[in-house]
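Ready for a few warm-up exercises? Take a look at the sequence and the model, then work through each task before reading its solution.

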Amino acid sequence: MVRALIRGSVGLGAGCWLAAAATAAPLTTPVPPSPGLVRSLAAFERDLQELDGALRPGAASTPLPFSLSDPALRPPDPLAVPATSAAADQVQERVLSLAQALEVAVANNPELAERRAHINEMRGLKRSVQGRFWPRLALNLGGSFAQRSDYNLVLQDNAGLYNPLPVYKPNPADPTSPTQTQGFVNSPFLVQPNGWNRIQANRGGGWGSLDLDWELISFERGAALAEQDQRLSASLQQYGDALRQLQLQVSETYYGLQLADQLLRIREAVVRNDALVRDQVGALKRSGLVPRLDLLRAEAALQQSRFRQEQAEALRQSRRQALTNLLNVAFSTQLRAQSDVALQPPWPLPLDATVVAGLRDNPALEQLAAERQALLRQADRRKAQLLPSLQLFAAGGGGADVLTKPVIDLKGCCAASNIPQLSSQSADWVAGLRLHWRLFDAGVSGGEAQASRAAAEAVLQRLARQRNQIRQELETAFYDYRASLSQLAAAEASYQASREAFRDARARYQLGLADYTDVSETISLLTRSMEGIAESTTLANVSYARMLRQLQPVPAQPEQQPNLPLTLPLAAVAPP
């Protein structure tokens, strides 16, 4: 339908501005048919013949083959930026169907990648809480080396601890008769007056232990696991809602680009035909058959149509860039939409069933419900900090030390009390139960729990607001969809009537019974009806996509490959 619609819209635009170029006052002198205008009308008639069946839904053209491995469709690195103007020049184009555009968007969309990373974060946090139900083991190993040097000076000896004993020394005069004197026994602990010593000691050691901690009873741990489980559920629902939102964004952008393409084709044809009309009116003016006012009006209409053509060109280019940026493809790629637009099949549900199906199992609502439950579990966890917890602890280990004294200088002090080398070993273990009960914390835990419950109440109200917003969006889209179908029917009826009127006006113009003003007005009606068909079709498809956004089936896990259908599958809205 749309291929023929576009071909016909180019021809129909031929006379869009003829009415503006025609003089409003009736001519006093009959104007003969212009041969050039007659030939233009004959070409326009051939375009109309190609429009047969264009007002009925037709199959879209076969999508062009494509692959996600195409370098032009691959996403750029998140840290990459185009360093030069050549790197940002979009030298390669790709034509995609809407289904292909959705597939590329799912593969490249940064928001979906962010949601998947957040889900993995929540899964890791949940595993960390689950690990608290198991004992924790820790291995401690260590080693050290120390060196110490001491110098001691005897300021007062300990000779008083020992009784003087007779000491016999040989008599040089009489070796057989030794001389008796008084002295002290040579004791290892005897410190002589003004004695000193200097000792250097090196100590090296190593040790190791194994520790065990096990939370046997903890009310806070169970609440923490329930809280994290709800946060993971909220992340999964948020991912599903992001998929639905992406489907809507891509559909709206894609349909908008197709409409811009159609309007540009119509306005390009308007410019070409306004130029022909201006030339024809100029020839009539030189022949004295029309006043100067007609030529000025034709020139003004031509300039106005050129202005609208530039607007349409800018609109198409901006929507191409919007689609390219939304799909996050390579910097050097620009995307184009297929020319053929197929009207979506009729929406299969009435309004009440649409609202019920849209609110049932909606990821946006399920996400807020999970966030509320997570906050309530957080309040339980904070309140459980005041409850007792029981832990089992155990530890065992051993160590070894080696002490050496490589330097021992003794001068009347501590001769035998220094051990040159000493090795020692030790081992121990301990086990027991530890009870922790926070008896008083000045309202810290209670205040935190109250804050969590208040936050849960805020989320509950946000859920109610989101529910009402979803319902309003569904109802608005439903009424817009019905209105667009009515507008489309009116545009189709206008087209049929305008087409028949054009044939009559052309025949009358060739017979000299009508002037080009009548033909111009008829062609203007044809052009407006074709623009109305294009706009109504786009509005109907966009409204369909907005309703589908709230009923789109999405996978429960991000690992599953999503399949985003363009039409509503009835199995997705079947009552549970």
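## Exercise 1: two glutamines

Glutamine 228 has a relative accessible area of 10%, so it counts as buried (buried is under 20% relative accessible area, exposed over 50%, partly exposed in between, with a 1.4 Å probe and protein chains only). Before going on, note that this is a predicted model, where local features need pLDDT of at least 70 and side-chain atom pairs count only at pLDDT 80 or more, while totals for chains, interfaces and linings use all residues. Residues are numbered from 1 along each chain as its sequence is written, and side-chain values use heavy atoms, leaving out hydrogens and water.

Task: find the helix that holds glutamine 228, and list what glutamine 228 touches. Then do likewise for glutamine 247.

Solution.
- Step 1: glutamine 228 lies in helix α7 (helices are DSSP runs of H or I with at least four residues, strands are runs of E with at least two, both numbered from the N terminus).
- Step 2: not counting residues up to four places away in sequence, glutamine 228 touches Met122, Leu125 and Lys126 (contact means heavy atoms within 4.5 Å).
- Step 3: glutamine 247 also sits in α7, which covers residues 219-286.
- Step 4: glutamine 247 has 1% relative accessibility, so it counts as buried.
- Step 5: leaving aside neighbours within four places in sequence, glutamine 247 is in contact with Leu102, Ala545, Leu548, Arg549, Gln552 and Leu564.

## Exercise 2: check a helix length

Task: work out what helix α8 should span, and compare that with the distance between its end C-alpha atoms.

Solution.
- Step 1: α8 runs over residues 292-327, which makes 36 residues.
- Step 2: the expected span is 1.5 Å times one less than the number of residues, so α8 should span 52 Å.
- Step 3: the end C-alpha atoms of α8 are 53 Å apart, which agrees.
- Step 4: now look along α8 for buried residues; among them are Asp294, Ala298, Ala301, Leu302 and Ser305.
- Step 5: an α-helix has 3.6 residues a turn, so residues three or four places apart point the same way.
- Step 6: just past α8, asparagine 328 takes a positive phi of about 55°.

## Exercise 3: walk across the sheet

Task: put the strands of the open sheet in order and find which ones stand at the edges.

Solution.
- Step 1: 4 strands make up the open sheet, in the order β2-β5-β7-β8, with antiparallel pairing (two strands pair if DSSP finds at least two bridges between them).
- Step 2: β2 (136-153) and β8 (421-436) are at the edges; each has a single partner strand, so one side of each has no neighbour in the sheet.
- Step 3: from one strand to the next, the twist averages 15°.
- Step 4: β5 (residues 196-218) and β7 (residues 389-411) pair over 21 bridges. Isoleucine 199 has isoleucine 408 in β7 as its bridge partner, and aspartate 211 has alanine 395.
- Step 5: β7 and β8 are joined by 16 bridges, and phenylalanine 393 stands opposite glycine 432 in β8.

## Exercise 4: two helices that pack

Task: describe how helix α9 packs with helix α11.

Solution.
- Step 1: α9 (residues 351-359) and α11 (residues 444-510) pack at about 145°, with axes 10 Å apart (axes are lines fitted to C-alpha atoms over the stretch in contact, and angles run from 0 to 180 degrees between N-to-C directions).
- Step 2: the α9 residues Leu351, Thr354, Val355, Gly358 and Leu359 meet α11 residues including Arg467, Ile470 and Leu474.
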